[in-house]
Amino acid sequence: MRIVHILDHSLPLHSGYTFRTRAIMKAQIAAGWHVVGVTGGRHYAEGPPVETVDGLTFYRTPRAAVAKGALGELREIAKLSNEVERLIGAFQPDLLHAHSPCLNGLAAMKARRSKHIPLLYEIRAFWEDAAVGNGTGTEGSIKYRATRALETWLCKHAEAVAVICDGLRSDLIGRGIAADKILVSPNGVDLAMFGEPPPRDDTLAADLGITTGDEVIGFIGSFYDYEGLDDLIAAMPELLAKRPTAKLLLVGGGPM
């Protein structure tokens with residue numbers, strides 16, 4: 001099996017997106033498959049046109065001329081599609097695996113027009129909702145509805161769709177996407193990447209007001225509205241009434 005992954009960005013950039021991609025590609029390589037990735041113009045890290053990071057090979061799409069709005073996105077799709085089409089000729093893949101946002105899936109769909117290679121489209125999040133959550137979009141706006149419509153069209157025309165949770169799957173089924181073409185591939189943690197846990201730092205625990213026997217709820221990540229941290233905080237008084245030793249520890253940063 002030979003697979004081309006079409007990506008927004010990748011390693012060496014660090015994000016939940018890039019580490020999930022790493023895990024998927026590493027698992028496929030472990031299964032004996034041959035995989036490469038190609039990133040679009042939003043991969044902003046400097047590097048060579050073909051780059052190997054952590055044993056994974058990525059091809060870089062040259063950045064399109066800067067343009068805002070729909071025109072800029074159409075240019076992104078066109079340039080990424082050209083790179084994917086070139087890679088199809090050189091790599092001869094059995095499968096295209098396009099990862100959200102839908103711009104990547106649309107580029108893959110366009111690139112395979114001369115040779116019908118099966119397309120798996122993977123949705124990490126509905127980007128129109130994420131935009132609302134981080135304050136860069138408005139629910140119900142023209143862009144919101146257009147993004148949603150494009151993604152729905154893409155899901156209907158892809159041979160298979162992967163999502164990270166049952167909630168996204170249920171949403172797509174509600175849009176008329178066939179349930180039997182949607183698979184759930186949840187996020188996970190590869191503990192082998194972290195080695196042995198370090199010993200407890202009692203001084204740090206004391207500085208944080210945590211003592212032996214406390215039940216600590218920990219969050220490590222980005223402070224975005226859609227994470228629901230405000231609901232977690234609001235639930236603490238009721239939890240403390242039932243579990244007096246509970247403590248809440250939030251680690252990270254962001255607009256919230």
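In which helix is Phe-19 found? Phe-19 belongs to helix α1, which covers residues 16–30. The model described in this report is predicted.

## Surface patch

Phe-19 takes part in a nonpolar patch on the surface, together with Val-189, Leu-191, Met-193 and Phe-194. The combined accessible area of these residues is about 570 Å². Phe-19 has a relative accessible area of 37% and is therefore classed as partly exposed, the class between the 20% and 50% limits.

## Nonpolar cores

The largest nonpolar core contains 34 residues, and the members that touch the most others are Ile-6, Ile-123 and Leu-172. Helix α3 (residues 102–111) supplies the largest share of this core, namely seven residues. Another core, of twelve residues, lies apart from it; Ile-3, Val-35, Leu-56 and Leu-95 are among its members.

The surroundings of Ile-123 can be given in detail. When neighbours within four places in sequence are left aside, Ile-123 is in contact with Ser-100, Glu-151, Cys-155, Val-161, Ala-162, Val-163, Ile-164, Leu-168 and Leu-172. Leu-172, in this list of contacts, is also one of the residues named for touching the most other members of the core.

## Environment of His-5

His-5 is situated in strand β1, which spans residues 2–7. Its relative accessibility is 0%, under the 20% limit, so His-5 counts as buried. The side chain of His-5 makes a polar contact of 2.7 Å with the side chain of Gln-28.

Beyond residues up to four places away in sequence, His-5 touches Ile-24, Met-25, Gln-28, Val-35, Val-36, Gly-37, Val-38, His-97 and His-99. Gln-28 thus appears both as a residue touched by His-5 and as the partner in the polar contact. Val-35, also touched by His-5, is among the residues of the twelve-residue core.

## Salt bridges

The structure holds 17 salt bridges. One of them pairs Glu-83 with Arg-86, with 2.8 Å between the closest N and O atoms. Both residues lie in helix α2 (residues 69–91), three residues apart, or about one turn of the helix. Glu-83 is buried because its relative accessibility of 13% is under 20%, whereas Arg-86, at 43%, is partly exposed.

A salt bridge also forms between Arg-113 and Glu-85, whose closest N and O atoms are 3.6 Å apart. This pair links distant parts of the chain: Arg-113 lies in the loop between α3 and β6 (119–123), and Glu-85 in helix α2, 28 residues apart. Arg-113 is exposed because its relative accessible area of 54% is over 50%, while Glu-85, with 28%, is partly exposed.

## Loop-to-loop pair and network

The side chains of Glu-159 and Arg-112 meet in a salt bridge with an N to O distance of 2.8 Å. This pair, too, links distant parts of the chain, the two residues being 47 residues apart. Glu-159 is in the loop between α5 (142–157) and β7 (160–163), and Arg-112 is in the loop between α3 and β6. With a relative accessible area of 4%, under the 20% limit, Arg-112 is classed as buried; Glu-159, at 36%, counts as partly exposed.

Elsewhere, Glu-128, Arg-148, Asp-171 and Arg-175 are joined into one network through salt bridges that share partners.

Technical notes. Residues numbered from 1 in each chain as written. Predicted model: local features only at pLDDT ≥ 70, side-chain atom pairs only at ≥ 80, totals over all residues. Heavy atoms only, no water. Patch = residues over 30% accessible without salt bridge, like charges linked within 9 Å, V, L, I, M, F, W, Y side chains within 5 Å. Areas by Shrake-Rupley, 256 points an atom, 1.4 Å probe, with all protein chains shown as cover. Salt bridge = Lys/Arg side-chain N within 4 Å of Asp/Glu carboxyl O. Helix = DSSP H or I, 4+ residues; strand = E, 2+ residues; numbered from the N terminus. Buried < 20%, exposed > 50% of the residue type's maximum accessible area, 1.4 Å probe, protein only. Core = buried A, V, L, I, M, F, W, Y, C linked by side-chain atoms within 4.5 Å. Contact = heavy atoms within 4.5 Å. Polar contact = N/O pair within 3.5 Å; in protein donor to acceptor, adjacent residues only side chain to side chain.
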